[in-house]
Amino acid sequence: MSENDPGKSKWLVVGGGMAGLTLAHRLSQRGQEVSVCEAAPSFGGLTSACSLGDVVWDRFYHVTLLSDSHLRGLLKELDLEHEIRWVTTKTGFFSGGRLYSMSNSWEFLNFPPLTLIEKLRLGGTIFYTSKLRNWRRLEQIHVADFLKRLSGKGTFEKIWLPLLRAKLGETYQKASAAFIWSYISRMYKARRSGIKTEMFGYVPGGYARIIDRFVETLRGNGVRLLSSHGVQSITRCEAGGLDVDFGDGRIERFDNVISTIPSPIISQHCPELTEDEHQRLQGVEYIGVVCASMLLSESISPYYVTNITDDWVPLTAVIEMSTIVDRKELGGHALVYLPKYLPDSDPGLQESDAEIQERFLSTLEKMYSHFSRDQVQAFQISRAKHVMALPTIDYSQKLPPIVTSLPGFYALNGAHITKGNLNVNETIDLADEKLNDLVWPDFLSRCGSR
(Lines give C-alpha, C1' and ligand atoms only; values in the text may rest on other atoms or scores of the structure.)
Protein backbone atom coordinates (compact mmCIF):
# COMPACT_ATOMS: atom_id res chain seq x y z
CA MET A 1 0.00 0.00 0.00
CA SER A 2 1.02 3.61 -0.57
CA GLU A 3 -0.26 7.08 0.22
CA ASN A 4 -1.80 7.26 -3.24
CA ASP A 5 -3.47 3.89 -2.87
CA PRO A 6 -3.96 2.96 0.80
CA GLY A 7 -6.20 0.03 -0.08
CA LYS A 8 -8.87 -1.34 2.23
CA SER A 9 -7.93 -1.27 5.90
CA LYS A 10 -9.90 -2.73 8.80
CA TRP A 11 -11.25 -0.02 11.13
CA LEU A 12 -13.16 -0.13 14.40
CA VAL A 13 -15.06 2.90 15.67
CA VAL A 14 -15.73 2.66 19.41
CA GLY A 15 -18.97 4.42 20.37
CA GLY A 16 -22.20 4.52 18.37
CA GLY A 17 -23.21 8.12 19.00
CA MET A 18 -23.38 10.76 16.28
CA ALA A 19 -19.59 11.20 16.24
CA GLY A 20 -18.96 7.48 15.84
CA LEU A 21 -21.62 6.99 13.18
CA THR A 22 -20.35 10.01 11.23
CA LEU A 23 -16.77 8.72 11.30
CA ALA A 24 -17.93 5.28 10.16
CA HIS A 25 -19.91 6.91 7.35
CA ARG A 26 -16.92 8.90 6.10
CA LEU A 27 -14.49 5.97 6.34
CA SER A 28 -16.93 3.76 4.44
CA GLN A 29 -17.18 6.42 1.74
CA ARG A 30 -13.37 6.16 1.40
CA GLY A 31 -13.56 2.45 0.69
CA GLN A 32 -12.54 1.20 4.13
CA GLU A 33 -13.80 -1.88 5.98
CA VAL A 34 -15.57 -0.43 9.02
CA SER A 35 -17.14 -1.78 12.20
CA VAL A 36 -18.85 0.23 14.93
CA CYS A 37 -19.17 -1.12 18.46
CA GLU A 38 -21.55 0.32 21.03
CA ALA A 39 -21.87 -0.82 24.65
CA ALA A 40 -25.59 0.04 24.82
CA PRO A 41 -28.26 -2.13 23.19
CA SER A 42 -29.02 0.61 20.65
CA PHE A 43 -27.15 3.31 18.77
CA GLY A 44 -27.37 7.05 19.17
CA GLY A 45 -25.56 7.83 22.42
CA LEU A 46 -26.88 11.13 23.79
CA THR A 47 -29.26 11.31 20.81
CA SER A 48 -30.82 7.91 21.49
CA ALA A 49 -34.55 7.59 22.03
CA CYS A 50 -36.65 6.24 24.85
CA SER A 51 -40.25 5.19 25.39
CA LEU A 52 -42.32 7.59 27.46
CA GLY A 53 -45.70 6.00 27.89
CA ASP A 54 -46.83 5.20 24.36
CA VAL A 55 -44.56 7.85 22.85
CA VAL A 56 -41.04 7.22 21.54
CA TRP A 57 -38.95 10.38 21.48
CA ASP A 58 -35.47 11.71 22.30
CA ARG A 59 -34.05 10.74 25.69
CA PHE A 60 -32.58 14.25 26.00
CA TYR A 61 -33.87 17.38 24.30
CA HIS A 62 -32.48 18.32 20.86
CA VAL A 63 -33.42 20.82 18.18
CA THR A 64 -31.91 21.88 14.88
CA LEU A 65 -30.97 25.54 14.36
CA LEU A 66 -31.03 27.31 11.01
CA SER A 67 -27.29 27.84 11.42
CA ASP A 68 -26.55 24.11 11.97
CA SER A 69 -25.03 23.65 8.53
CA HIS A 70 -23.10 20.46 9.32
CA LEU A 71 -26.11 18.69 10.80
CA ARG A 72 -28.34 19.85 7.98
CA GLY A 73 -25.76 18.64 5.45
CA LEU A 74 -25.72 15.18 6.99
CA LEU A 75 -29.52 15.09 7.09
CA LYS A 76 -29.49 15.94 3.38
CA GLU A 77 -27.23 12.94 2.75
CA LEU A 78 -29.74 10.82 4.65
CA ASP A 79 -32.60 12.33 2.59
CA LEU A 80 -34.17 13.88 5.68
CA GLU A 81 -33.17 17.54 5.49
CA HIS A 82 -36.15 18.49 3.34
CA GLU A 83 -38.50 17.12 6.01
CA ILE A 84 -37.34 19.45 8.80
CA ARG A 85 -40.25 21.39 10.24
CA TRP A 86 -39.24 24.92 11.21
CA VAL A 87 -41.04 26.72 14.02
CA THR A 88 -40.75 30.21 15.45
CA THR A 89 -40.09 29.90 19.17
CA LYS A 90 -40.37 32.07 22.25
CA THR A 91 -38.05 32.41 25.24
CA GLY A 92 -39.10 32.84 28.86
CA PHE A 93 -37.34 33.76 32.10
CA PHE A 94 -38.23 32.76 35.63
CA SER A 95 -36.80 35.43 37.90
CA GLY A 96 -37.77 36.58 41.37
CA GLY A 97 -40.51 33.98 41.54
CA ARG A 98 -42.22 35.30 38.40
CA LEU A 99 -42.37 34.27 34.75
CA TYR A 100 -41.47 36.78 32.04
CA SER A 101 -41.34 36.61 28.26
CA MET A 102 -38.13 37.73 26.61
CA SER A 103 -38.85 36.83 23.00
CA ASN A 104 -38.29 40.19 21.31
CA SER A 105 -36.55 43.51 21.77
CA TRP A 106 -39.58 45.20 23.34
CA GLU A 107 -39.92 42.51 26.00
CA PHE A 108 -36.20 42.70 26.68
CA LEU A 109 -36.39 46.46 27.27
CA ASN A 110 -39.34 45.94 29.63
CA PHE A 111 -37.74 43.09 31.61
CA PRO A 112 -38.44 44.17 35.25
CA PRO A 113 -35.57 42.47 37.15
CA LEU A 114 -32.97 44.68 35.40
CA THR A 115 -32.55 48.44 35.40
CA LEU A 116 -32.26 50.21 32.06
CA ILE A 117 -28.48 50.48 32.43
CA GLU A 118 -28.23 46.78 33.28
CA LYS A 119 -30.33 45.89 30.23
CA LEU A 120 -28.11 47.97 27.99
CA ARG A 121 -24.99 46.34 29.41
CA LEU A 122 -26.52 42.86 29.05
CA GLY A 123 -27.45 43.54 25.42
CA GLY A 124 -24.02 45.01 24.79
CA THR A 125 -22.34 41.96 26.32
CA ILE A 126 -24.27 39.60 24.08
CA PHE A 127 -23.64 41.64 20.94
CA TYR A 128 -19.94 42.20 21.69
CA THR A 129 -19.31 38.57 22.58
CA SER A 130 -21.07 37.32 19.44
CA LYS A 131 -18.62 39.34 17.31
CA LEU A 132 -15.44 38.07 18.95
CA ARG A 133 -13.29 35.74 16.88
CA ASN A 134 -10.18 35.18 19.01
CA TRP A 135 -11.57 32.41 21.20
CA ARG A 136 -8.09 31.34 22.34
CA ARG A 137 -7.63 34.65 24.12
CA LEU A 138 -10.89 34.03 25.96
CA GLU A 139 -9.45 30.76 27.28
CA GLN A 140 -7.13 32.88 29.42
CA ILE A 141 -10.00 34.64 31.24
CA HIS A 142 -12.36 33.24 33.87
CA VAL A 143 -15.95 33.45 32.65
CA ALA A 144 -17.10 35.26 35.81
CA ASP A 145 -14.41 37.95 35.46
CA PHE A 146 -15.27 38.42 31.78
CA LEU A 147 -19.00 38.84 32.41
CA LYS A 148 -18.60 41.10 35.44
CA ARG A 149 -16.36 43.43 33.46
CA LEU A 150 -18.75 43.70 30.52
CA SER A 151 -22.15 43.47 32.19
CA GLY A 152 -21.49 44.88 35.65
CA LYS A 153 -22.03 43.33 39.07
CA GLY A 154 -25.82 43.74 39.07
CA THR A 155 -26.42 42.04 35.73
CA PHE A 156 -23.91 39.33 36.58
CA GLU A 157 -25.61 38.47 39.87
CA LYS A 158 -29.17 38.68 38.52
CA ILE A 159 -28.69 36.93 35.17
CA TRP A 160 -25.29 35.43 34.45
CA LEU A 161 -24.40 33.87 37.82
CA PRO A 162 -27.65 31.87 38.18
CA LEU A 163 -27.37 30.71 34.58
CA LEU A 164 -23.73 29.67 35.02
CA ARG A 165 -24.64 27.75 38.15
CA ALA A 166 -27.53 26.11 36.34
CA LYS A 167 -25.30 25.02 33.46
CA LEU A 168 -22.09 24.20 35.31
CA GLY A 169 -22.83 24.08 39.03
CA GLU A 170 -20.04 25.50 41.17
CA THR A 171 -17.53 24.38 38.54
CA TYR A 172 -18.37 27.65 36.74
CA GLN A 173 -15.52 29.06 38.85
CA LYS A 174 -13.10 26.95 36.79
CA ALA A 175 -14.62 27.75 33.40
CA SER A 176 -13.09 30.15 30.92
CA ALA A 177 -14.88 32.89 29.00
CA ALA A 178 -14.73 30.63 25.93
CA PHE A 179 -17.74 28.81 27.39
CA ILE A 180 -20.08 31.79 27.27
CA TRP A 181 -18.63 32.93 23.94
CA SER A 182 -19.49 29.63 22.26
CA TYR A 183 -22.95 29.54 23.85
CA ILE A 184 -23.81 33.09 22.77
CA SER A 185 -22.32 32.63 19.29
CA ARG A 186 -24.47 29.60 18.47
CA MET A 187 -27.69 31.14 19.72
CA TYR A 188 -26.94 34.45 18.01
CA LYS A 189 -26.45 32.64 14.68
CA ALA A 190 -29.81 30.92 15.16
CA ARG A 191 -31.63 34.23 14.76
CA ARG A 192 -32.58 35.22 11.26
CA SER A 193 -31.53 38.60 9.98
CA GLY A 194 -34.25 41.24 9.91
CA ILE A 195 -36.95 40.29 12.40
CA LYS A 196 -34.48 38.35 14.56
CA THR A 197 -36.88 35.60 15.56
CA GLU A 198 -35.66 32.22 16.73
CA MET A 199 -36.33 29.39 14.28
CA PHE A 200 -35.83 25.87 15.58
CA GLY A 201 -36.55 22.69 13.70
CA TYR A 202 -36.93 18.94 14.06
CA VAL A 203 -37.28 15.91 11.85
CA PRO A 204 -40.66 14.18 12.25
CA GLY A 205 -40.06 11.11 14.38
CA GLY A 206 -37.22 12.82 16.25
CA TYR A 207 -33.73 11.39 16.55
CA ALA A 208 -35.14 7.87 16.69
CA ARG A 209 -35.94 8.27 13.00
CA ILE A 210 -32.62 9.96 12.21
CA ILE A 211 -30.59 7.22 13.91
CA ASP A 212 -32.66 4.47 12.27
CA ARG A 213 -32.04 6.03 8.85
CA PHE A 214 -28.35 6.49 9.63
CA VAL A 215 -27.97 2.87 10.74
CA GLU A 216 -29.87 1.67 7.67
CA THR A 217 -27.58 3.73 5.42
CA LEU A 218 -24.43 2.45 7.09
CA ARG A 219 -25.53 -1.17 6.84
CA GLY A 220 -26.38 -0.61 3.18
CA ASN A 221 -22.82 0.62 2.66
CA GLY A 222 -21.34 -2.49 4.29
CA VAL A 223 -20.59 -1.11 7.75
CA ARG A 224 -20.80 -3.73 10.49
CA LEU A 225 -22.76 -2.46 13.50
CA LEU A 226 -22.23 -4.18 16.84
CA SER A 227 -24.59 -3.17 19.63
CA SER A 228 -24.13 -4.45 23.21
CA HIS A 229 -20.41 -4.63 22.48
CA GLY A 230 -18.50 -2.84 25.21
CA VAL A 231 -14.70 -2.67 24.97
CA GLN A 232 -12.56 -4.15 27.74
CA SER A 233 -9.11 -3.30 26.39
CA ILE A 234 -7.18 -2.23 23.30
CA THR A 235 -3.60 -3.44 22.99
CA ARG A 236 -0.82 -3.51 20.43
CA CYS A 237 -0.28 -6.73 18.52
CA GLU A 238 3.32 -7.72 17.78
CA ALA A 239 2.32 -8.84 14.29
CA GLY A 240 0.81 -5.41 13.63
CA GLY A 241 -2.58 -3.89 14.29
CA LEU A 242 -4.57 -3.66 17.49
CA ASP A 243 -6.29 -6.39 19.47
CA VAL A 244 -9.67 -5.34 20.86
CA ASP A 245 -11.05 -7.36 23.76
CA PHE A 246 -14.86 -7.16 23.87
CA GLY A 247 -15.06 -9.39 26.93
CA ASP A 248 -16.31 -12.97 27.27
CA GLY A 249 -13.34 -14.16 25.23
CA ARG A 250 -14.27 -12.06 22.18
CA ILE A 251 -11.02 -10.64 20.82
CA GLU A 252 -10.74 -9.22 17.32
CA ARG A 253 -7.84 -7.61 15.47
CA PHE A 254 -8.15 -4.29 13.63
CA ASP A 255 -5.67 -2.21 11.66
CA ASN A 256 -7.02 1.04 13.12
CA VAL A 257 -9.28 2.02 16.01
CA ILE A 258 -10.98 5.37 16.63
CA SER A 259 -12.47 5.75 20.11
CA THR A 260 -15.20 8.37 20.52
CA ILE A 261 -16.16 7.56 24.12
CA PRO A 262 -15.39 9.82 27.14
CA SER A 263 -11.72 10.53 27.74
CA PRO A 264 -11.32 8.90 31.20
CA ILE A 265 -12.74 5.64 29.84
CA ILE A 266 -10.37 5.73 26.86
CA SER A 267 -7.53 5.88 29.37
CA GLN A 268 -8.88 2.77 31.11
CA HIS A 269 -9.11 0.87 27.83
CA CYS A 270 -5.57 1.59 26.63
CA PRO A 271 -2.88 0.70 29.18
CA GLU A 272 -0.07 1.12 26.62
CA LEU A 273 -0.56 4.86 26.14
CA THR A 274 2.13 7.13 27.59
CA GLU A 275 1.91 8.57 31.10
CA ASP A 276 1.32 12.04 29.64
CA GLU A 277 -1.56 10.75 27.50
CA HIS A 278 -3.16 9.06 30.50
CA GLN A 279 -2.85 12.24 32.56
CA ARG A 280 -4.42 14.34 29.82
CA LEU A 281 -7.27 11.88 29.25
CA GLN A 282 -8.00 11.55 32.96
CA GLY A 283 -7.65 15.32 33.44
CA VAL A 284 -10.69 16.17 31.31
CA GLU A 285 -13.50 17.25 33.67
CA TYR A 286 -17.05 16.50 32.57
CA ILE A 287 -20.48 17.91 33.27
CA GLY A 288 -23.25 15.33 33.67
CA VAL A 289 -27.02 15.69 33.56
CA VAL A 290 -30.12 14.42 35.27
CA CYS A 291 -33.01 14.99 32.88
CA ALA A 292 -36.68 14.26 33.51
CA SER A 293 -39.05 13.94 30.60
CA MET A 294 -42.79 14.24 31.09
CA LEU A 295 -45.89 13.75 29.04
CA LEU A 296 -48.62 16.14 30.18
CA SER A 297 -52.28 16.39 29.28
CA GLU A 298 -51.88 20.17 29.04
CA SER A 299 -49.05 22.48 28.01
CA ILE A 300 -47.13 23.97 30.90
CA SER A 301 -45.54 26.92 29.07
CA PRO A 302 -45.76 28.93 25.83
CA TYR A 303 -41.96 29.12 25.73
CA TYR A 304 -39.64 26.53 24.19
CA VAL A 305 -37.11 27.32 26.90
CA THR A 306 -37.71 29.01 30.22
CA ASN A 307 -34.36 30.11 31.64
CA ILE A 308 -34.22 30.12 35.43
CA THR A 309 -32.29 32.65 37.51
CA ASP A 310 -33.67 31.87 41.00
CA ASP A 311 -31.20 29.84 43.07
CA TRP A 312 -33.90 27.85 44.87
CA VAL A 313 -35.09 26.18 41.66
CA PRO A 314 -33.27 22.81 41.20
CA LEU A 315 -33.53 22.94 37.40
CA THR A 316 -31.39 24.31 34.61
CA ALA A 317 -34.48 25.20 32.58
CA VAL A 318 -37.95 24.09 31.63
CA ILE A 319 -38.06 22.87 28.03
CA GLU A 320 -41.51 22.73 26.46
CA MET A 321 -40.67 20.57 23.44
CA SER A 322 -44.27 20.57 22.25
CA THR A 323 -43.95 24.26 21.33
CA ILE A 324 -41.89 22.87 18.44
CA VAL A 325 -43.01 19.29 17.92
CA ASP A 326 -46.53 18.72 16.59
CA ARG A 327 -48.52 17.24 19.46
CA LYS A 328 -50.02 14.72 17.03
CA GLU A 329 -46.60 13.05 17.09
CA LEU A 330 -46.81 12.93 20.87
CA GLY A 331 -50.18 11.24 21.12
CA GLY A 332 -51.84 14.59 21.70
CA HIS A 333 -49.72 15.22 24.81
CA ALA A 334 -47.35 18.02 25.72
CA LEU A 335 -43.71 16.95 26.11
CA VAL A 336 -41.60 18.73 28.74
CA TYR A 337 -37.95 18.20 29.70
CA LEU A 338 -36.56 19.20 33.10
CA PRO A 339 -32.74 19.13 33.00
CA LYS A 340 -30.28 19.68 35.82
CA TYR A 341 -26.57 19.79 34.89
CA LEU A 342 -24.09 18.60 37.50
CA PRO A 343 -20.35 17.90 37.75
CA ASP A 344 -19.62 14.27 36.89
CA SER A 345 -18.69 13.53 40.52
CA ASP A 346 -21.82 15.14 42.01
CA PRO A 347 -23.85 12.76 44.24
CA GLY A 348 -27.00 14.19 42.63
CA LEU A 349 -26.35 11.90 39.67
CA GLN A 350 -26.91 8.93 41.99
CA GLU A 351 -30.18 10.10 43.55
CA SER A 352 -33.14 7.80 43.22
CA ASP A 353 -35.78 8.42 40.58
CA ALA A 354 -38.41 8.88 43.28
CA GLU A 355 -36.42 11.62 45.05
CA ILE A 356 -35.80 13.49 41.81
CA GLN A 357 -39.40 13.18 40.66
CA GLU A 358 -40.78 14.53 43.94
CA ARG A 359 -38.40 17.50 43.99
CA PHE A 360 -38.99 18.41 40.33
CA LEU A 361 -42.78 18.14 40.53
CA SER A 362 -43.00 20.13 43.74
CA THR A 363 -40.85 22.80 42.08
CA LEU A 364 -43.21 23.00 39.10
CA GLU A 365 -46.16 23.41 41.47
CA LYS A 366 -44.45 26.49 42.92
CA MET A 367 -43.47 27.90 39.53
CA TYR A 368 -46.76 27.37 37.69
CA SER A 369 -50.05 27.97 39.52
CA HIS A 370 -51.97 26.13 36.79
CA PHE A 371 -49.84 22.98 37.00
CA SER A 372 -51.23 19.89 38.71
CA ARG A 373 -49.72 16.44 39.10
CA ASP A 374 -52.94 15.06 37.69
CA GLN A 375 -51.76 16.36 34.32
CA VAL A 376 -48.70 14.06 34.34
CA GLN A 377 -49.34 11.10 32.03
CA ALA A 378 -45.78 9.71 32.10
CA PHE A 379 -42.56 10.63 33.89
CA GLN A 380 -39.07 9.27 33.32
CA ILE A 381 -35.55 10.08 34.53
CA SER A 382 -32.50 9.80 32.27
CA ARG A 383 -28.92 10.32 33.40
CA ALA A 384 -25.59 10.80 31.67
CA LYS A 385 -22.31 11.23 33.56
CA HIS A 386 -20.22 12.47 30.64
CA VAL A 387 -22.21 15.03 28.68
CA MET A 388 -19.85 17.95 28.12
CA ALA A 389 -16.20 18.59 28.90
CA LEU A 390 -15.73 21.61 31.17
CA PRO A 391 -13.80 24.33 29.25
CA THR A 392 -11.28 25.29 31.91
CA ILE A 393 -8.52 27.92 31.66
CA ASP A 394 -6.11 27.04 28.81
CA TYR A 395 -8.38 24.11 27.97
CA SER A 396 -7.24 23.61 24.37
CA GLN A 397 -3.60 23.39 25.49
CA LYS A 398 -4.33 20.55 27.93
CA LEU A 399 -6.29 18.27 25.63
CA PRO A 400 -5.11 14.71 24.96
CA PRO A 401 -3.81 14.12 21.43
CA ILE A 402 -6.12 12.67 18.82
CA VAL A 403 -3.27 10.82 17.10
CA THR A 404 -1.87 8.79 19.96
CA SER A 405 1.48 7.11 20.62
CA LEU A 406 -0.16 3.75 19.89
CA PRO A 407 0.11 3.36 16.08
CA GLY A 408 -3.34 3.15 14.52
CA PHE A 409 -5.18 4.23 17.67
CA TYR A 410 -7.04 7.55 17.66
CA ALA A 411 -8.88 9.23 20.54
CA LEU A 412 -11.50 11.62 19.16
CA ASN A 413 -14.51 12.72 21.18
CA GLY A 414 -16.58 15.73 22.23
CA ALA A 415 -13.81 16.89 24.55
CA HIS A 416 -11.98 18.04 21.41
CA ILE A 417 -14.66 20.64 20.66
CA THR A 418 -12.78 23.85 21.49
CA LYS A 419 -14.69 26.44 19.47
CA GLY A 420 -18.21 25.65 20.62
CA ASN A 421 -20.40 23.91 23.16
CA LEU A 422 -21.31 20.28 22.74
CA ASN A 423 -24.27 19.80 20.39
CA VAL A 424 -25.02 17.55 17.44
CA ASN A 425 -23.92 20.08 14.83
CA GLU A 426 -20.54 20.62 16.52
CA THR A 427 -20.10 16.87 16.95
CA ILE A 428 -20.55 16.22 13.22
CA ASP A 429 -18.25 19.11 12.34
CA LEU A 430 -15.60 17.76 14.72
CA ALA A 431 -15.74 14.27 13.22
CA ASP A 432 -15.42 15.56 9.66
CA GLU A 433 -12.69 18.09 10.43
CA LYS A 434 -10.41 15.89 12.54
CA LEU A 435 -10.78 12.89 10.22
CA ASN A 436 -9.70 15.05 7.28
CA ASP A 437 -6.96 17.01 9.07
CA LEU A 438 -5.42 14.47 11.44
CA VAL A 439 -6.65 10.89 11.33
CA TRP A 440 -6.64 10.26 7.58
CA PRO A 441 -3.26 11.96 6.93
CA ASP A 442 -1.69 9.91 9.74
CA PHE A 443 -3.21 6.74 8.31
CA LEU A 444 -1.85 7.54 4.85
CA SER A 445 1.56 8.30 6.31
CA ARG A 446 1.66 4.93 8.05
CA CYS A 447 0.55 3.20 4.86
CA GLY A 448 3.33 4.90 2.91
CA SER A 449 5.97 3.81 5.42
CA ARG A 450 5.12 0.13 5.16
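Contact here means heavy atoms within 4.5 Å. I kept that in mind while going through this predicted model.

**Contacts.** I looked at contacts in the protein with a separation of 6 or more, and found that residues 24 or more positions apart account for 70% of them.

**Overall size.** I checked the radius of gyration next: the protein has 23 Å, which agrees with the value near 22 Å for a compact globule, given its 450 residues. I also looked up the box that the C-alpha atoms fill, and along the principal axes it comes to roughly 70 × 50 × 45 Å.

**Secondary structure.** I noted 14 helices and 20 strands in the protein.

**Inside and outside.** How many of the 450 residues count as buried? I got 57%. For the surface, I wrote down about 19100 Å² exposed by the protein, with carbon and sulfur atoms supplying 49% of that area.

**Charges.** I have 49 positive side chains and 52 negative ones in my notes. The centres of the two sets lie 6 Å apart.

**One hairpin, up close.** I then picked out strand 3 (residues 49-52) and strand 4 (residues 55-58). In which sense do these two strands pair? They run antiparallel, over four bridges. Across the pair, I see leucine 52 standing opposite valine 55 in strand 4. Strand 3 and strand 4 form a hairpin, and two residues sit between them. I looked at the turn as well: glycine 53 is in it, with a positive phi of about 65°.

Key: Residues are numbered from 1 along each chain as its sequence is written. This is a predicted model: local features need pLDDT of at least 70, side-chain atom pairs count only at pLDDT 80 or more; totals for chains, interfaces and linings use all residues. Side-chain values use heavy atoms; hydrogens and water are left out. The radius of gyration is taken over C-alpha atoms; the globule rule is 2.2 Å times the number of residues to the power 0.38. Buried means under 20% relative accessible area, exposed over 50%, partly exposed in between (1.4 Å probe, protein chains only). Accessible areas come from the Shrake-Rupley method with a 1.4 Å probe; for residues, only the protein chains shown count as cover. Lys and Arg count as positive and Asp and Glu as negative; His and the chain ends are not counted. The place of a charge is taken as NZ of Lys, CZ of Arg, CG of Asp or CD of Glu. Two strands pair if DSSP finds at least two bridges between them.
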